[in-house]
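Open the model in your viewer and keep the selection tool ready. The tour below goes stop by stop.

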Amino acid sequence: MDVDAYVAAHNAEWLRLERLINRGRRLTGAEADELVDLYQRTATHLSVVRSSSPDPQLVGRLSSLVARGRAAVGGAQAPLWRDVTRFATVSFPAAAYRMRWWWLGSAILGNLLSLALAIWVVHSPEVQATIGTPDEIRELVEHDFANYYTEHSASSFAFQVWVNNAWVSATALIFGILLGIPTVYVLLLNQVNLGISGGLMFAYGKGGVFFGLILPHGLLELTAVYLACAGGLKLGWTIVDPGPRRRGQALAEEGRAAVSIALGLVAVLLVSGLIEGFVTGWVHITWLRITIGVIAETAFLAYVIVLGRRAVRQGETGDADLHPDLAPVSA
């Protein structure tokens, strides 16, 4: 390696890193990011110099610079709000947008299953008889289904459904690593419950009540569940077909994207939980309840499509942007 040429090519970066280190804690957010980037580059340069042309003077200079940079990086982290902002505007929507076809497929197949099951329940007294006695079913459709949303205080009920839905979504997403089998189970269980409930309500002439109580929170809640299932299925499929990437690399990248989806869905399901707790059972004007649900659903889909598409076009994947520290080692 031509040491002089290498120094000429990278000296400006080293000088800039030294200036940023000397400024200490008086860095802006952008400068803190630049400091981290230059530190990582310089650590790589040190490794290259040691392996290709161990010039003692250059190795000493870069070793000192990397050591100082490492110490500075420990105290030059970007503000937390910047990480949260990036996650909300880039990482989560990008990860969700990348899953759009898996997401859409989960929603279509799931709802077709629920529709077929509901039609079967409506037109089959034998199926209804296996679910419960006529008195039990009548109690369900005339009282229990609606009372479910008001039997607890709005705040405690909202918290309860939030925790439950977050757990279901996390199970569908994270356990997709098991070839997606738990994810399929979660999706089937969710759609079977929906189909049976809808079928019983329609069989007893309560279809309007069913949609009037399900749609306000269900639009956003089910969308979140389908997104979680999409992430889990994609993670499981990556094991089968990692594409051009090595299987370990593909799983690591898709796993970190799945974490982005999981964290984002915590907020989405909080919103749906608040709607279910404070709107579904307590707003008595049906069209107003449904309108609130439609607005929440539309806002979420627009958020994913607009921000997610822009982020993906810029090369974002939702994969966590992880850069491990590169500690210099003695020659």
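A residue counts as exposed when its relative accessible area is over 50%, and as buried when that value is under 20%. Keep in mind that this is a predicted model.

**Stop 1: the domains.** Colour residues 3-74 as domain 1 and residues 80-314 as domain 2, following the domain assignment. Now place a marker at each C-alpha centre. The centres of domain 1 and domain 2 are 48 Å apart.

**Stop 2: a nonpolar patch.** Select helix 5, residues 100-123, and find Leu 115 there. Then add Trp 101, Leu 104, Ile 108, Leu 109, Leu 112 and Ile 119 to Leu 115. Show the surface. Together these side chains make a nonpolar patch of about 750 Å².

**Stop 3: a negative patch.** Select Glu 139, Glu 142, Asp 144 and Glu 151. They form a surface patch of negative charge. Zoom in on Glu 151, in the loop that links helix 7 (134-147) to helix 8 (154-174). Is Glu 151 buried or exposed? Its relative accessible area is 52%, so Glu 151 is exposed.

**Stop 4: an unusual backbone angle.** Move on to the loop between helix 8 and helix 9 (181-203), and pick Leu 179. What is the phi of Leu 179? It is positive, about 60°, although Leu 179 is not a glycine. Now turn to the side chain. Leu 179 has a relative accessible area of 51%, so it too is classed as exposed.

Note on methods:
Residues numbered from 1 in each chain as written. Predicted model: local features only at pLDDT ≥ 70, side-chain atom pairs only at ≥ 80, totals over all residues. Heavy atoms only, no water. Domains from an automatic or database assignment. Patch = residues over 30% accessible without salt bridge, like charges linked within 9 Å, V, L, I, M, F, W, Y side chains within 5 Å. Areas by Shrake-Rupley, 256 points an atom, 1.4 Å probe, with all protein chains shown as cover. Salt bridge = Lys/Arg side-chain N within 4 Å of Asp/Glu carboxyl O. Lys, Arg positive; Asp, Glu negative; His and termini not counted. Charge placed at Lys NZ, Arg CZ, Asp CG, Glu CD. Helix = DSSP H or I, 4+ residues; strand = E, 2+ residues; numbered from the N terminus. Buried < 20%, exposed > 50% of the residue type's maximum accessible area, 1.4 Å probe, protein only.
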